[in-house]
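Biologist: I have the sequence and the fold open side by side, and I would like a close look at a single part. Could you walk me through the empty space inside and what surrounds it?

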Amino acid sequence: MVDVAHIIPPSPDDPPRRRSRVRPWHAAVALAVAAAVGGGLWAWKPWQSVELPQSACWGVLDANDLKPLTGPDGKATEPRPAREIATPMKPASGSRDSRCRVMWPGATFLLDAEVRPARDRIDADRRNDASGGSVAPLDFGPGTTGWATASDVVPGNTSVRLYVPCDFDSPRDDSDQPPPKYFGVLISGDVVDGASLRKAHQAYADIALKIGRAAATAYECRNTVTLAATAPRVPS
């Protein structure tokens with residue numbers, strides 16, 4: 001059958017046919033959607049990923065320990081080689097006090113961890129921390145003393161301290177003082193924008209416990225050090 005509609009010319013009396021065109025409001029909507037999608041990708045940057053040290057703080061921590069502390073995309077590094085956790089009365093083996101820092105490029109410290117022998121400074125440290133904020137006790141295991149400090153000066157700023165009893169197998173030092181009875185671990189940092197405060201502060205306690213286990217071995221404590229299987233919950 002022949003399609004007569006294609007061979008019969010239109011009548012002069014027929015209304016003119018309208019050309020197909022994109023209406024202006026269609027174009028405006030398309031541009032708005034494209035701008036929103038593009039802006040979202042620019043803020044989110046899904047093609048970037050957070051880069052963390054595979055091993056940090058004397059090789060004790062890894063990327064999984066640091067991940068709760070991260071917020072925006074970026075790269076975290078250790079600014080200098082971390083000093084070895086050494087038995088404090090043997091200076092030839094390293095520094096008595098040890099400290100490591102993990103930071104974003106710039107001046108923001110993702111993590112600041114200190115380990116040191118402690119001579120009857122627990123109460124003094126607790127009073128000092130309490131003078132600058134609220135102190136909540138944390139139970140890391142039998143004989144340990146721990147707490148979390150929430151700063152009154154910097155809202156959202158929290159640090160975690162852990163003191164572990166340690167019978168140091170070493171002679172008296174040059175000052176003729178008796179060996180320390182504890183070693184202390186202090187964990188703090190700058191919570192990055194976008195990171196969860198609750199998760200970051202709990203990570204401090206998890207990291208304190210992990211470093212505490214390593215330090216008990218490094219300091220060669222003659223007593224049996226018993227630490228909790230998991231870190232206590234840090235109050236939010």
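Which element gives the most residues to the lining of the largest cavity?

Modeller: Happy to help, and please keep in mind that this is a predicted model. The element you are asking about is β6, which gives 3 residues to that lining. Let me start with the space itself. There is 1 cavity of 30 Å³ or more in the structure, and the largest cavity holds about 50 Å³ of space. Its lining is made up of Glu114, Arg116, Arg161, Tyr163, Gly184, Val185 and Leu186. The elements that supply two or more of these residues are β2 (109-118), β5 (158-165) and β6 (182-188). Sorted by class, the lining counts 3 nonpolar, 1 polar and 3 charged residues.

Now to the sheet around these strands. Six strands form an open sheet with antiparallel pairing, and you can trace them in the order β1-β2-β6-β5-β4-β3. At the edges stand β1 (98-103) and β3 (133-137); each has a single partner strand, so one side of each is left without a neighbour in the sheet. On average, neighbouring strands are turned by 15° against each other, direction ignored. As general background, strands of a sheet pair through backbone hydrogen bonds, in a parallel or an antiparallel way. One pair to look at here is β5 with β4 (residues 145-151), which run antiparallel and share 6 bridges. Within β4 and β5, you can find Ala148 opposite Val160.

Two helices belong in this picture as well. Helix α3 (residues 122-131) lies across β2, β3, β4, β5 and β6, and runs at about 20° to β4. Helix α4 also packs on the sheet, where it touches β2, β5 and β6, and its direction makes about 150° with that of β6. The 22 residues of α4 (residues 197-218) should span 32 Å at 1.5 Å a residue, and the end C-alpha atoms are 31 Å apart, which agrees. After α4 comes Glu220, with a positive phi near 55°.

Let me finish with one residue of β6, namely Ser188. Beyond its neighbours within four places in sequence, Ser188 is in contact with Leu111, Asp112, Thr158, Ser159 and Tyr204. Ser188 also lies 8.9 Å from Phe109, C-alpha to C-alpha, although 79 residues separate Ser188 and Phe109 in sequence.

Methods. Residues are numbered from 1 along each chain as its sequence is written. This is a predicted model: local features need pLDDT of at least 70, side-chain atom pairs count only at pLDDT 80 or more; totals for chains, interfaces and linings use all residues. Side-chain values use heavy atoms; hydrogens and water are left out. On a 1 Å grid over the protein atoms alone, a cavity is a set of points where a 1.4 Å probe fits but cannot get out, and a pocket is an open set with protein on both sides within 12 Å along at least five of seven lines; lining residues have an atom within 4 Å of a point. Grid points are joined across faces, edges and corners, and a volume is the space filled by probe spheres set on the points. Helices (H or I, at least four residues) and strands (E, at least two) are DSSP runs, numbered from the N terminus. Ala, Val, Leu, Ile, Met, Phe, Trp, Tyr, Cys and Pro count as nonpolar, Asp, Glu, Lys and Arg as charged, and the others, Gly among them, as polar. The expected span of a helix is 1.5 Å times one less than its number of residues. Two strands pair if DSSP finds at least two bridges between them. Axes are lines fitted to C-alpha atoms, for helices over the stretch in contact, and angles run from 0 to 180 degrees between N-to-C directions. Contact means heavy atoms within 4.5 Å.
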